[in-house]
Amino acid sequence: DMNYFDMPGVGFIAYKKQWGTRFVLADPVCDGKDCELLISEFLKDGKSTVFVQVTQGIAEFLHDKFGFYSTQFGIESVVDLQKWDLKGKKKQVMRTSVNHAVKEGVTFEENCTSDACHKLNKEWLKTRKVRNREIGFLIRPMDMEYQDGTRKFYAYLDGELIGFIYFDPIYSNNQVIGYVPNISRFSNKFKQGIFYPLMCHAMEIFKKEGVKYLYLGLCPLVTDEMNQPYESKIVKKIIHFLYKYGNKIYSFKGLYFTKSRFDGIEQKTFCVHREMMPTKSFLTMFRLANII
């Protein structure tokens with residue numbers, strides 16, 4: 001249900017409209033040299049616009065060229081699959097989890113019936129802090145028509161589905177260079193947790209296939225302490241406060257801990273906004289994402 005500002009032969013910007021504001025998701029999809037042209041044309045109409053989950057280069061450009069505030073919103077972590085292994089103190093929890101899954105007889109496949117997936121999805125939703133709806137916008141829907149190139153890995157115990165992860169492809173020059181785990185669901189029946197074993201299994205498959213990277217996706221509200229000139233100090237303080245005290249709403253700290261075990265390279269991601277204190281924009285974004 002996204003909208004697209006499309007310049008034929010150049011690229012596109014994906015966004016969604018909510019309460020009179022356009023929320024752009026991620027960097028423009030185009031050649032790097034065309035980013036400025038695409039963004040400039042997009043902003044010509046002067047409509048209220050917020051950019052979410054953009055890279056530092058785009059954030060700095062929007063500040064320098066258009067006077068936006070560009071505030072760090074979280075981090076994304078990237079794993080070099082060709083150097084990936086399970087060695088090191090930081091990965092001890094992963095090795096323990098993988099060994100336990102092997103001991104219990106967990107098996108992994110790349111096929112499953114849709115009925116089993118939807119049944120597990122319903123059970124999983126009941127365990128979430130936001131139970132009556134799935135998070136959207138920042139995460140794609142589990143069911144959508146376009147899933148070209150998506151890889152789906154499933155975990156079974158005694159023939160019963162206990163978890164699955166959908167990996168969506170990342171392209172460069174028409175070649176798949178990586179994957180990002182966008183959808184993951186797990187059964188509470190396997191108390192030891194199946195996320196790490198499923199991830200490690202998929203990563204080994206991707207590594208053997210010559211895939212370069214695994215992108216672990218957004219860890220929201222994980223930011224550094226140093227403020228840059230283009231950041232809103234007020235928003236940065238609120239983000240720090242929410243990360244520290246807002247885990248009843250969403251497991252920010254748990255998500256970061258889980259992803260940090262992979263020991264990837266952390267990259268800053270930004271939210272870009274016009275106002276120093278964009279209260280309405282942030283509330284609107286949370287509504288758009290089904291968090292509130």
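# Exercises on a predicted model

Ring pairs join F5, Y15, F42, F51 and F68 into a cluster. The model is a predicted one, and the exercises below begin with its aromatic rings.

## Exercise 1. Charges over the ring cluster

Task: Identify which charged residues sit over the rings of Y15 and F68, and state the distances to the ring centres.

Solution.
- Step 1. Begin with Y15, a member of the cluster. The charged end of R22 sits over the ring of Y15, 6.0 Å from its centre.
- Step 2. Turn to F68, which belongs to the cluster as well. Here R274 lies over the face of the ring, at 4.1 Å from the ring centre.

## Exercise 2. Classifying two ring pairs

Task: Determine how the ring pairs Y4 with F12 and Y154 with F164 are classified.

Solution.
- Step 1. A pair of aromatic rings is described by the distance of the centres and the angle of the planes.
- Step 2. A search of the whole structure gives 20 aromatic pairs. In the pair of Y4 and F12 the centres are 5.5 Å apart and the planes stand at 80°. Planes over 60 degrees apart count as edge-to-face, so Y4 and F12 form an edge-to-face pair.
- Step 3. Consider the surroundings of these two residues. Y4 has 51% relative accessibility and therefore counts as exposed, while F12, with a relative accessible area of 30%, is partly exposed.
- Step 4. For Y154 and F164, the centres lie 5.9 Å apart and the planes meet at 50°, so the pair is tilted. This pair links distant parts of the chain, with Y154 in strand 8 and F164 in strand 9, ten residues apart.
- Step 5. Both Y154 and F164 are buried.

## Exercise 3. Following strands 8 to 11

Task: Establish in which sense strand 8 pairs with strand 9, strand 9 with strand 10, and strand 10 with strand 11.

Solution.
- Step 1. Strand 8 and strand 9 are antiparallel, with seven bridges between them. Within this pairing, K152 stands opposite Y166 of strand 9. The two strands form a hairpin with two residues between them, where D158 takes a positive phi near 55°.
- Step 2. Strand 9 is also antiparallel to strand 10, to which ten bridges join it. Y166 has I183 of strand 10 as its bridge partner. This hairpin likewise has two residues between its strands, and N173 in the turn has a positive phi of about 55°.
- Step 3. Strand 10 and strand 11 pair in the parallel sense over two bridges. G178 stands opposite Y213 in strand 11.
- Step 4. Add the helix to the picture: strand 10, helix 5 and strand 11 make up a right-handed β-α-β unit.

## Exercise 4. The largest nonpolar core

Task: Find which element gives the largest share of the largest nonpolar core, and describe the contacts of L214.

Solution.
- Step 1. This core has 29 residues, of which F167, I194, M199, F206, L214 and F262 touch the most other members.
- Step 2. The elements giving two or more residues to the core are helix 3 (92-104), strand 8 (151-157), strand 9 (160-172), strand 10 (175-186), helix 5 (195-208) and strand 11 (213-220). Helix 5 gives the largest share, eight residues.
- Step 3. Leaving aside residues up to four places away in sequence, L214 touches S77, V78, V79, L81, F167, Y179, P181, M199, M203 and F206.
- Step 4. A second core, separate from this one, has 19 residues, among them M7, I13, V24 and A59.

## Exercise 5. Separation in sequence and in space

Task: State how far apart F257 and V79 are, and how far apart D45 and Y215 are, in sequence and in space.

Solution.
- Step 1. F257 is found in helix 7 (residues 252-260), and its relative accessibility of 44% makes it partly exposed. From F257 to V79 there are 178 residues in sequence and 15 Å in space, C-alpha to C-alpha.
- Step 2. D45 lies in the loop between helix 1 (35-42) and strand 5 (49-54). Its relative accessible area is 43%, so D45 is partly exposed. D45 and Y215 are 170 residues apart in sequence and 34 Å apart in space, C-alpha to C-alpha.

Terms used:
Residues numbered from 1 in each chain as written. Predicted model: local features only at pLDDT ≥ 70, side-chain atom pairs only at ≥ 80, totals over all residues. Heavy atoms only, no water. Core = buried A, V, L, I, M, F, W, Y, C linked by side-chain atoms within 4.5 Å. Buried < 20%, exposed > 50% of the residue type's maximum accessible area, 1.4 Å probe, protein only. Helix = DSSP H or I, 4+ residues; strand = E, 2+ residues; numbered from the N terminus. Contact = heavy atoms within 4.5 Å. Pairing = 2+ DSSP bridges. Right-handed = clockwise from strand over helix to strand, strands pointing away. Phe/Tyr/Trp six-rings, centres within 6.5 Å; stacked < 30°, edge-to-face > 60°. Lys NZ or Arg CZ within 6 Å of the ring centre and 35° of its normal.
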